[in-house]
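Morning, everyone. Please bring up the sequence and the model on your screens. I'll keep this short.

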2 protein chains.
Amino acid sequence: MDRRELLKLDNQLCFAFYACSKEMMKLYRPLLSEFGLTYTQYITLLALWEKDGITVKELGSRLFLDSGTLTPLLKKLEAAGLITRNRDKSDERNVIIELTEQGRKLQQQVEEVPFNLYGKTQVSIEDITSLREQIAKFMRKMGTK
Amino acid sequence: MDRRELLKLDNQLCFAFYACSKEMMKLYRPLLSEFGLTYTQYITLLALWEKDGITVKELGSRLFLDSGTLTPLLKKLEAAGLITRNRDKSDERNVIIELTEQGRKLQQQVEEVPFNLYGKTQVSIEDITSLREQIAKFMRKMGTK
DNA sequence: GCCTAATAAATTGCATACAATTAAATTACA
DNA sequence: TGTAATTTAATTGTATGCAATTTATTAGGC
């Protein structure tokens, strides 16, 4: 493939990531709105269900988001009664995010979502795993993780 | 891999797309800002350099964006003197987007960007092509294209 | 101990995204 | 032919994203 060809939209890898990411989120949206969640709020909870009681900083490095995005998002999750935000007593610079009982309970209700999403498609678990691993390898090669 | 394991953030394919897309755009940002462009503006121009004189509708289906996003973005490109926006005389519902002379000239200046971006990494053309094709296949299987 | 550097969140400003609605134009069809 | 349905952009409202700045707190060097 020559240079000119590589510049076409359909040959650009970044655009493939961009488009696919958005289309996937579009499929998630109706399933998550059942629980009053956006996709970003959902992955924030996924991170907390794996490891609770972490700082905004740690959450941000996990989700590739900064405080400019997370602070208002976390305030919404707090207002919804799913998490608490408290300054770390031993270092007042840190804000510790913790799940509430309601936030923990939501996990069981939401855990079917990805299975429901893929269930209606031609995509197999092997497809998912293989592609995910290749993206991880790519990100390492790009020096972005 | 069991169900519980699949729900972890690092095993979620959608999150891989989301994170990788954002990290790639972060690498593009400094290269594009040299030309006063954002990533979304850049792919809009990529689409127009391939096919000029198309409607907002067609541009949107190409970029997976709707008029809510495109209208203000196209107004900015128009204000920057890169495109024109005109109602189609034969069907006044359509708005035709056309590159200006300046918009066409920009192509030569910007065409090095992806090569500069990948040039500093461990990623080969073969890596890019292979991954891009797999994403395209995945999107077809998801029924999203 | 004091002052400077470094760190973590929050805030501000700008640019997307997208659902839902509105407005204008065209099409379909009774 | 006249009107309802459809189509295309634009608008409105809400939710990210992120760079740059600000504020508060802590760490480090002397």
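I'll take the fold of one chain, then the sheet, then the symmetry, then the interface.

One caution before we start. This is a predicted model. Everything I quote is computed from it.

Start with chain A. It has eight helices and three strands. What pattern does chain A follow along the sequence? Read it as α-α-α-β-α-α-β-β-α-α-α. So far that is just the order of elements. For dimensions, the C-alpha trace of chain A spans about 60 × 35 × 25 Å along its principal axes.

Now the sheet. In chain A, three strands form an open sheet, and the order is β1-β3-β2. The pairing is antiparallel. Which strands stand at the edges? In chain A they are β1, residues 54-55, and β2. Each has a single partner strand, so one side of each is left without a neighbour in the sheet. As a reminder, strands of a sheet pair through backbone hydrogen bonds, either parallel or antiparallel.

Look at the β2 and β3 pair in chain A. β2 covers residues 83-88 and β3 covers residues 91-99. Six bridges join them. The two strands form a hairpin, with two residues between them. If you want to check the register, take two positions. A:I83 stands opposite A:L99. A:R85 has A:I97 as its bridge partner.

Switch to chain B. Here too, three strands make an open sheet in the order β1-β3-β2, with antiparallel pairing. The edges of the chain B sheet are β1, residues 54-55, and β2. With a single partner strand each, both have one side without a neighbour in the sheet. Six bridges join β2(B) to β3(B), running antiparallel. These two form a hairpin with two residues between them. B:I83 has B:L99 as its bridge partner. On the other pairing, two bridges join β1(B) to β3(B), also antiparallel. There, B:T55 is partnered by B:I96.

Next, symmetry. In general, two copies of a chain are related by a rotation about an axis and a shift along it. How is chain B laid on chain A in this model? By a turn of 180° and a shift of 0.0 Å along the axis, with an RMSD of 0.0 Å. The two copies are thus related as by a two-fold rotation axis. Which residue of chain B comes closest to that axis? That is B:F17, with its C-alpha at 2.8 Å. The same surface serves both copies, and 100% of the contact residues of chain B recur in chain A.

On to the interface itself. The contact takes 61 residues from chain B and 61 residues from chain A. About 6,200 Å² is buried between the two chains. Carbon and sulfur atoms give 66% of that area.

Then the polar side of the story. Between chain B and chain A there are eight salt bridges. One of them links A:D10 with B:R62, the closest N and O atoms being 3.5 Å apart. There are also 21 residue pairs in polar contact between the chains, both residues at pLDDT 80 or more.

Which elements of chain B give two or more residues to the side that touches chain A? The list is α1 (3-6), α2 (13-33), α3 (39-50), α4 (56-63), α7 (113-119) and α8 (125-141). The largest share, 15 residues, comes from α2(B). By class, this side of chain B has 36 nonpolar, eleven polar and 14 charged residues.

Last item, salt bridges overall. The structure holds 22 over all chains. Here is one within chain B. B:K26 forms a salt bridge with B:E23, and their closest N and O atoms are 3.4 Å apart. Both residues are in helix α2 of chain B, and being three residues apart, they are separated by about one helical turn. Recall that α2(B) also gives the largest share of the side that touches chain A.

To recap. The two chains are related as by a two-fold rotation axis. The area buried between them is about 6,200 Å². Eight salt bridges are counted between the chains. In each chain the sheet order is β1-β3-β2. That's it from me.

Methods. Residues numbered from 1 in each chain as written. Chains lettered and ligands numbered in written order. Predicted model: local features only at pLDDT ≥ 70, side-chain atom pairs only at ≥ 80, totals over all residues. Heavy atoms only, no water. Least-squares fit on C-alpha atoms with pLDDT ≥ 70 in both. Contact = heavy atoms within 4.5 Å. Buried area = accessible area lost by both parts, 1.4 Å probe. Salt bridge = Lys/Arg side-chain N within 4 Å of Asp/Glu carboxyl O. Polar contact = N/O pair within 3.5 Å; in protein donor to acceptor, adjacent residues only side chain to side chain. Helix = DSSP H or I, 4+ residues; strand = E, 2+ residues; numbered from the N terminus. Nonpolar A, V, L, I, M, F, W, Y, C, P; charged D, E, K, R; others polar. Pairing = 2+ DSSP bridges.
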